Amino acid sequence: MAKPHKPLSSPVLMGVVGAPHGVRGELRVKPYTGDPLALGDYGTLFDAQGRAFDVADIRAAKNVVVVTFEQVNDRTAAEALNGVELFIDRSQLPDEELDEDEFFIADLVGLAAHDEGGAKIGEIVAVHDFGAGDLLEIAPMTPSGGLARKSAFLVEFTRETVPDIDFDAGRLTLIRPSEIEARGEEDEDGEA
């Protein structure tokens with residue numbers, strides 16, 4: 001394998017390598033792209049150590065894609081990659097193809113989370129999808145103005161919980177689910 005590449009400045013997870021497929025080094029890969037076959041359209045993929053992987057061939061297979069990487073020539077090499085995450089740098093994503101109200105989920109990481117009154121609640125430290133939709137992981141602010149990463153909490157990412165995102169200002173508005181529930185109860189009380 002080639003000399004490792006320097007670490008990506010802004011890595012975006014594109015997929016995870018699974019088990020080998022066959023004996024010639026093909027691999028099953030779970031892609032995180034809108035179109036699974038588009039995994040091969042972003043150029044060279046890198047693992048966390050900076051090793052490069054160039055897609056030579058890709059085809060769909062049930063819930064994954066089967067990929068042949070130029071750097072992987074046999075089953076032994078393929079087996080060693082099981083579980084490896086594949087990244088590209090954020091700069092490789094095609095911003096010009098996005099509509100005005102579209103964005104990449106990876107762009108949410110690092111945004112400040114503010115309540116409706118403008119007070120800073122914390123910062124988005126990760127976005128997760130465990131199969132039921134996107135969840136924002138938010139590290140709350142400490143009294144000294146830092147982030148309490150060990151006290152991070154998850155919030156469902158919906159238009160109701162995040163009504164406004166301002167990428168230019170580096171912030172979003174967050175309405176906690178308990179606040180949404182309280183509003184619903186107030187509405188019900190007012191109607192009774």
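This report walks through the fold, the nonpolar cores, the salt bridges and the aromatic rings of one protein chain.

Keep in mind as you read that the model is predicted. The protein chain has 192 residues, of which 32% count as buried. Its secondary structure comes to two helices and 13 strands. Among contacts with a separation of 6 or more, 47% join residues that lie 24 or more positions apart. The accessible surface of the chain is about 11600 Å², and carbon and sulfur atoms hold 47% of that area.

**The nonpolar cores**

Let's start on the inside. In soluble globular proteins, nonpolar side chains tend to be buried together. Here the largest nonpolar core has 19 residues, and Val29, Leu45, Phe69 and Leu86 are those with the most contacts inside it. Strands S1 (11-21), S2 (26-31), S6 (64-69) and S7 each give two or more residues to this core. Leucine 86 is a good residue to click on: beyond its sequence neighbours up to four places away, Leu86 touches a list of residues including Val12, Val17, Val29, Leu45, Phe53 and Phe69. Apart from this core lies another one, of 13 residues, with Leu108, Ala113, Phe153 and Val162 among them.

**Charged pairs**

Side chains of opposite charge can pair when their charged atoms come close. The count for this model comes to four salt bridges, and the table shows three pairs, including one with arginine 90.

| Acidic residue | Basic residue | Closest N and O atoms |
|---|---|---|
| Glutamate 26 | Arginine 59 | 2.7 Å |
| Aspartate 47 | Arginine 51 | 2.4 Å |
| Aspartate 107 | Arginine 90 | 2.6 Å |

Take the pair of glutamate 26 and arginine 59 to begin with. Glutamate 26 sits in strand S2 and arginine 59 in strand S5 (residues 55-61), so this salt bridge links distant parts of the chain, 33 residues apart. Glutamate 26 counts as buried because its relative accessibility of 18% is under 20%, while arginine 59 is partly exposed at 32%.

In the next pair, aspartate 47 is buried, with a relative accessibility of 4%, and arginine 51 is partly exposed at 25%.

Where does arginine 90 lie? Arginine 90 is found in the loop between strand S7 (85-89) and strand S8 (112-114). Its partner aspartate 107 is in the loop between S7 and S8 too, 17 residues apart from arginine 90. Arginine 90 counts as buried at 15% relative accessibility, and aspartate 107 as partly exposed at 23%. Leaving out residues up to four places away in sequence, arginine 90 touches Ser10, Val12, Asp95, Phe104 and Asp107.

**Aromatic rings**

A pair of aromatic rings is described by the distance of the centres and the angle of the planes. The structure holds three aromatic pairs. In one of them, the rings of phenylalanine 103 and phenylalanine 167 have centres 5.2 Å apart and planes at 55 degrees, so the pair is tilted. Phenylalanine 103 lies in the loop between S7 and S8, and phenylalanine 167 in the loop between strand S12 (164-166) and strand S13 (171-173), so the pair ties together parts 64 residues apart in sequence. Phenylalanine 103 is partly exposed at 26% relative accessible area, and phenylalanine 167 is partly exposed at 34%. Ring pairs also bring in Phe157, linking Phe103, Phe157 and Phe167 into a cluster.

**A stop in strand S12**

Aspartate 164 lies in strand S12 and counts as partly exposed at 41% relative accessibility. Beyond its neighbours within four places in sequence, aspartate 164 is in contact with Leu172 and Thr173.

Definitions and conventions. Residues numbered from 1 in each chain as written. Predicted model: local features only at pLDDT ≥ 70, side-chain atom pairs only at ≥ 80, totals over all residues. Heavy atoms only, no water. Helix = DSSP H or I, 4+ residues; strand = E, 2+ residues; numbered from the N terminus. Contact = heavy atoms within 4.5 Å. Phe/Tyr/Trp six-rings, centres within 6.5 Å; stacked < 30°, edge-to-face > 60°. Buried < 20%, exposed > 50% of the residue type's maximum accessible area, 1.4 Å probe, protein only. Areas by Shrake-Rupley, 256 points an atom, 1.4 Å probe, with all protein chains shown as cover. Core = buried A, V, L, I, M, F, W, Y, C linked by side-chain atoms within 4.5 Å. Salt bridge = Lys/Arg side-chain N within 4 Å of Asp/Glu carboxyl O.
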